[in-house]
Amino acid sequence: MNAVASRHRLLISVAVMSATVMQVIDTTIVNVALPQMQGTLSATQDQTAWVLTSYIIAAAIMIPLTGWLAGRFGRKKVFLISIVGFTITSALCGLSSTLPEIVLFRLLQGMSGAALVPLSQAVLFDINPTENHGKAMAIWAMGVMVAPVMGPTLGGWLTEDYSWRWTFYINLPVGILAFLMAISHVPDSE
C-alpha cells in the first residue's frame, strides 16, 4: 500500500511541477525573442516590451484571487482551467501576427497561468504527510528557481534555430501532459 501511495504522490507531483515550471519559465523565455518579434511585428523596442509587461501585470493581479477562486470552485477545477487557459493562450501567442494581438494573448496567458504556482504548492502540501512537507517544498522550490534561469537559454535556442513563435509553442506538449496527468491524479478539494 505504501508503494502505491508513493507512486500516486509522484504522479501528482510530476503533474503539478510540470505546470508550475511551464508557467515560471514563461516569465523569462520570451525576453531573448523580443528583437525577432520587433521585426516580425513591425514594432519598436518600447512597444515589444509590452509583451513582457502585460504578462507580469496580469499574473500579479490574478495571484491574490487564486485562493478565493479555489475556495469557491475547488482547487482541482481552478488548476485544470488554468492549465487549459495557459496552453491555449500560448498557442494564440505563437499564432499572433500583430503587436496588439500578442499583448492581449500574453495578458490572458498571465491571467490564466497565475494560479498554477500557488495551487501547485497547495496540492503538494495536501498530498504529502506533514513530515515530508519540507522535502516536497525543497523540490518544488528547485523547479521554481531553475525555470527562470533556463528560460533565456531555451528561448535563445528556440528563437535562433526555429522562430520566436516556438517560445510559446513549447508550452503545448507540456500543457497537454500536465492537464492529462492532473485530471487523472490530482485529488479534488472542497
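User: Which helices each supply at least two residues of the lining of the largest pocket?

Analyst: This is a predicted model, and its largest pocket holds about 280 Å³ of space. Its lining includes Ser6, Arg9 and Leu10, along with Ile139 and Trp140. The helices that each supply at least two lining residues are α1 (2–25) and α8 (133–161).

User: And which helix gives the most to that lining of the largest pocket?

Analyst: Ser13 and Met17 are among the lining residues, as are Lys135 and Ala136. By chemistry, the lining divides into six nonpolar, four polar and two charged residues. The top contributor, with five residues, is α1.

User: OK, on to the second largest pocket. Which helix gives the most to its lining?

Analyst: That pocket has a volume of about 190 Å³. Helices α4 (66–73), α5 (75–95) and α6 (99–113) each bring at least two residues to the lining. With four residues, the one that gives the most is α5.

User: How many residues lining the second largest pocket are charged?

Analyst: Met62, Phe73, Lys77 and Met111 are among the residues lining the second largest pocket. The split there is eight nonpolar and three polar, and the charged count is one.

User: Is Leu95 buried or exposed?

Analyst: Leu95 sits in helix α5. Together with Val84, Ile88 and Leu92, Leu95 forms a nonpolar surface patch with about 330 Å² of accessible area in total. The cut-off for exposed is over 50% relative accessible area. Leu95 has 58% relative accessibility, so the call is exposed.

User: How many salt bridges does the structure hold?

Analyst: Side chains of opposite charge can pair when their charged atoms come close. One such pair is Arg106 with Asp26, whose closest N and O atoms are 3.3 Å apart. Another is Asp126 with Arg75, at 1.9 Å between the closest N and O atoms. The total number of salt bridges is two.

User: How many residues apart are Arg106 and Asp26?

Analyst: Arg106 forms a salt bridge with Asp26. Arg106 is in helix α6, while Asp26 is in the loop between α1 and α2 (34–41), and the pair links distant parts of the chain that are 80 residues apart.

User: Are Arg106 and Asp26 buried or exposed?

Analyst: A residue needs under 20% relative accessible area to make the cut. Arg106 and Asp26 are both buried.

User: What about Asp126 and Arg75: how many residues apart in sequence are the parts they tie together?

Analyst: Asp126 forms a salt bridge with Arg75. Asp126 lies in helix α7 (residues 116–127) and Arg75 in helix α5, so the parts tied together are 51 residues apart in sequence.

Technical notes. Residues are numbered from 1 along each chain as its sequence is written. This is a predicted model: local features need pLDDT of at least 70, side-chain atom pairs count only at pLDDT 80 or more; totals for chains, interfaces and linings use all residues. Side-chain values use heavy atoms; hydrogens and water are left out. On a 1 Å grid over the protein atoms alone, a cavity is a set of points where a 1.4 Å probe fits but cannot get out, and a pocket is an open set with protein on both sides within 12 Å along at least five of seven lines; lining residues have an atom within 4 Å of a point. Grid points are joined across faces, edges and corners, and a volume is the space filled by probe spheres set on the points. Ala, Val, Leu, Ile, Met, Phe, Trp, Tyr, Cys and Pro count as nonpolar, Asp, Glu, Lys and Arg as charged, and the others, Gly among them, as polar. Patches are made of residues with over 30% relative accessible area and no salt bridge: like charges are joined within 9 Å, nonpolar side chains (Val, Leu, Ile, Met, Phe, Trp, Tyr) within 5 Å. Accessible areas come from the Shrake-Rupley method with a 1.4 Å probe; for residues, only the protein chains shown count as cover. A salt bridge is a side-chain nitrogen of Lys or Arg within 4 Å of a carboxyl oxygen of Asp or Glu. Buried means under 20% relative accessible area, exposed over 50%, partly exposed in between (1.4 Å probe, protein chains only).
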